[in-house]
Amino acid sequence: QVHLRESGGGLVQAGGSLRLSCAASGRTFSSYVMGWFRRAPGKEREFVAAINWSGALTYYADSVKGRFTISRDNAKTTVYLQMNSLKPEDTAVYFCAAAQMNVWYVVKLSQEHEYVDWGQGTQVTVSS
């Protein structure tokens with residue numbers, strides 16, 4: 001099991017930027033695909049981005065492609081989500097999640113059931 005804790009959320013104006021962090025502890029962090037999801041008010045939780053073991057492979061939802069960047073630092077057991085050009089529709093609670101994976105090339109994990117460990121979430125609010 002991996003314990004996850006998100007931070008970095010807050011209130012930002014449209015067009016602004018935020019960087020979310022997710023600190024992990026527990027089992028070998030480097031053997032997990034890490035993902036970010038979000039839940040907007042009144043909506044289901046949705047996939048945002050994922051990154052493979054090494055950080056060489058990334059995968060994004062179409063709604064954030066070109067604006068958000070996922071990265072990881074295995075030495076610090078932390079995954080990041082850099083969010084630029086934020087829009088009001090990006091307002092949501094953001095969650096990081098971990099999926100144990102035996103192969104390095106898997107990254108296209110976009111379904112909630114594919115992840116076994118979740119953080120508590122951090123609120124991001126984008127004002128217009």
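These legends go with a set of close-up views of a predicted model.

**View A. Cys 22 and Cys 96 are joined by a disulfide.**
Search the whole structure and you get one disulfide, with the two sulfurs 1.9 Å apart. Cys 22 sits in strand 3 (residues 18–26) and Cys 96 in strand 9 (residues 92–100), so the bond ties together parts that are 74 residues apart in sequence. The torsion about the S-S bond is about 45 degrees, so this disulfide is right-handed. Look for both cysteines on the inside: Cys 22 and Cys 96 are each buried.

**View B. Strand 7 has a buried face and a face that is not buried.**
Follow residues 68–73 and the side chains alternate. Phe 68, Ile 70 and Arg 72 point to one face, and these three are buried. Thr 69, Ser 71 and Asp 73 point to the other face and are not buried. So an arginine, Arg 72, shares the buried side with Phe 68 and Ile 70.

**View C. Strands 7 and 8 form a hairpin.**
Strand 8 covers residues 78–83, and its pairing with strand 7 is antiparallel, running over six bridges. One of the partners to pick out is Thr 78 in strand 8, which bridges to Asp 73. Four residues lie between the two strands. In this hairpin, Thr 77 takes a positive phi near 45 degrees.

**View D. Ile 51 is a buried residue of strand 5.**
The relative accessible area of Ile 51 is 1%, which puts this residue in the buried class. Leaving out residues up to four places away in sequence, Ile 51 touches Val 33, Met 34, Leu 57, Thr 58, Ile 70, Ser 71, Arg 72, Val 79 and Val 107. Ile 70, Ser 71 and Arg 72 in that list belong to strand 7, and Val 79 falls within strand 8. For Ile 51 and Arg 72, the C-alpha atoms are 7.7 Å apart, although 21 residues separate the pair along the chain.

**View E. Arg 45 makes a polar contact with Glu 112.**
Arg 45 is also part of strand 5, which spans residues 45–51. Is Arg 45 buried or exposed? The relative accessible area of Arg 45 is 19%, and the cut-off for buried is under 20%, so Arg 45 counts as buried. Side chain to side chain, Arg 45 and Glu 112 come to 2.9 Å in their polar contact. Beyond residues up to four places away in sequence, Arg 45 touches Phe 37, Arg 38, Arg 39, Phe 95, Glu 112 and Trp 118.

Technical notes:
Residues numbered from 1 in each chain as written. Predicted model: local features only at pLDDT ≥ 70, side-chain atom pairs only at ≥ 80, totals over all residues. Heavy atoms only, no water. Buried < 20%, exposed > 50% of the residue type's maximum accessible area, 1.4 Å probe, protein only. Pairing = 2+ DSSP bridges. Polar contact = N/O pair within 3.5 Å; in protein donor to acceptor, adjacent residues only side chain to side chain. Contact = heavy atoms within 4.5 Å. Disulfide = S-S within 2.5 Å.
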